[in-house]
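Got the structure open in your viewer? Here is a tour of what to select, stop by stop.

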Amino acid sequence: FYQKNFSLTKRWELVNEDSYTIGASGHGISVFDVDFDHDDEILMGNMCIESDGSIKYFIGQSGRKDGWDGYVVGHSDYTSVGDILPLVEGFEVVTLVEGGEATHKAPGVYVSHLSDGGIIWKDTSMGHTDIGWLADFSPLEGLEIGGWSVKTKQFKLYKSDGTVLYQETCDDDKYTQVLRWS
């Protein structure tokens with residue numbers, strides 16, 4: 001939509017009719033000027049949508065030379081943008097991906113370049129990662145990432161470079177309240 005003369009006019013509509021856009025969508029959106037062209041893009045799950053409604057990229061698509069035919073990662077349960085790795089130029093996006101169905105190819109935790117969706121690091125060892133956050137709560141360089149899997153009952157806390165700072169397997173949901181706060 002755009003606003004003119006105090007009314008909203010529809011500019012475009014994304015219809016999720018194929019397995020790529022349905023599987024790559026997520027539980028929320030982030031709005032950010034990804035390419036600094038003064039038009040905001042929409043990050044919806046693992047898709048980056050241009051201001052004209054076209055798909056800019058899917059996370060994991062960048063640099064593929066194998067006849068890319070769709071998204072690589074899958075459906076996102078959490079997406080957030082920040083300067084996760086200060087020594088890497090530009091902003092990054094953290095994505096927690098669910099799994100278990102044919103369209104969810106690689107569940108886990110991903111950190112990617114915001115500009116093109118190229119994956120910087122990933123951890124798929126937890127599988128379906130449902131709940132998480134991005135924060136700066138330590139003197140370590142960059143932002144920290146927390147992720148918890150309801151299915152495997154695993155929690156991991158990562159440094160910005162993907163190094164695991166802490167991990168625990170627990171039968172209760174003690175991390176969900178802290179993580180849902182984000």
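Before the first stop, one term: two strands count as paired if DSSP finds at least two bridges between them. Keep in mind as well that this is a predicted model.

**The whole chain**

Start with everything shown as a cartoon. The protein chain has 2 helices and 14 strands. Of its 182 residues, 46% count as buried. Switch on the surface and you are looking at about 9700 Å² of accessible area, 51% of it from carbon and sulfur atoms. If you draw the contacts with a separation of 6 or more, 42% of them join residues 24 or more positions apart.

**Sheet β7-β8-β9-β10**

Next, select 76-82, 92-97, 108-113 and 119-123. Residues 76-82 are β7, 92-97 are β8 and 108-113 are β9, and 119-123 make up β10. These 4 strands form an open sheet in the order β7-β8-β9-β10, with antiparallel pairing. At the edges sit β7 and β10, each of which pairs on one side only. Ignoring direction, neighbouring strands here are turned by 15 degrees against each other on average.

Zoom in on β9 and β10, which are joined by 4 bridges in the antiparallel sense. Which residue of β10 is the bridge partner of Ser112? Click on Ile119: that is the one.

**Sheet β3-β4-β5-β6**

Now move to the other group of strands. Here 4 strands form an open sheet in the order β3-β4-β5-β6, and this pairing is antiparallel too. Select 29-32 for β3 and 55-58 for β6 to see the edge strands, each pairing on one side only. From one strand to the next, the twist averages 20 degrees.

Add 41-44, which is β4; 4 bridges tie β3 to β4 in the antiparallel sense. For a landmark, label Val31 and its bridge partner in β4, Ile42.

Between β3 and β4 runs a loop, and Phe36 is found in it. Check its backbone angles: phi is near 55 degrees, a positive value in a residue other than glycine. Most residues other than glycine have a negative phi. Is the side chain buried or exposed? Phe36 counts as exposed because its relative accessibility is 53%, and the cut-off for exposed is over 50%. Show Phe32 and Phe91 as sticks as well: ring pairs link them with Phe36 into a cluster.

**The β11-β12 pair**

Select 131-135 and 144-148. The two strands, β11 and β12, run antiparallel and are joined by 5 bridges. Label Ala135 and you will find Glu144 as its bridge partner in β12. Why is β11 largely enclosed by the rest of the structure? Because 4 of its 5 residues are buried.

Carry on past β12 into the loop that leads to β13, and stop at Lys153. Lys153 has a positive phi of about 65 degrees although it is not a glycine. With a relative accessibility of 26%, it counts as partly exposed.

**The nonpolar cores**

Hide the cartoon and show side chains. The largest nonpolar core has 19 residues, and those with the most contacts inside it are Ile84, Val94, Val109, Val111, Leu134 and Ile145. The elements giving two or more residues to this core are β8, β9, β11, β12 and β13 (154-158). In soluble globular proteins, nonpolar side chains tend to be buried together.

Centre on Ile84 and look at what surrounds it. Leaving out residues up to four places away in sequence, Ile84 touches Glu92, Val93, Val94, Val111, Leu134, Gly142, Leu143, Ile145 and Ser160. Then pick Leu43, Cys48, Tyr57 and Leu114, which are among the 7 residues of a second, separate core.

**Aromatic pairs**

For the last stop, colour the rings; the structure holds 5 aromatic pairs. Trp121 and Tyr158 form a tilted one, 5.2 Å centre to centre with 40 degrees between the planes. This pair links distant parts of the chain, with Trp121 in β10 and Tyr158 in β13, 37 residues apart. Both Trp121 and Tyr158 are buried.

Finish at Trp133 and Phe137, an edge-to-face pair with centres 5.5 Å apart and 70 degrees between the planes. Trp133 has a relative accessible area of 11%, so it is buried.

How values were computed:
Residues numbered from 1 in each chain as written. Predicted model: local features only at pLDDT ≥ 70, side-chain atom pairs only at ≥ 80, totals over all residues. Heavy atoms only, no water. Buried < 20%, exposed > 50% of the residue type's maximum accessible area, 1.4 Å probe, protein only. Core = buried A, V, L, I, M, F, W, Y, C linked by side-chain atoms within 4.5 Å. Contact = heavy atoms within 4.5 Å. Axes fitted to C-alpha atoms, helices over the stretch in contact; angles between N-to-C directions. Phe/Tyr/Trp six-rings, centres within 6.5 Å; stacked < 30°, edge-to-face > 60°. Areas by Shrake-Rupley, 256 points an atom, 1.4 Å probe, with all protein chains shown as cover.
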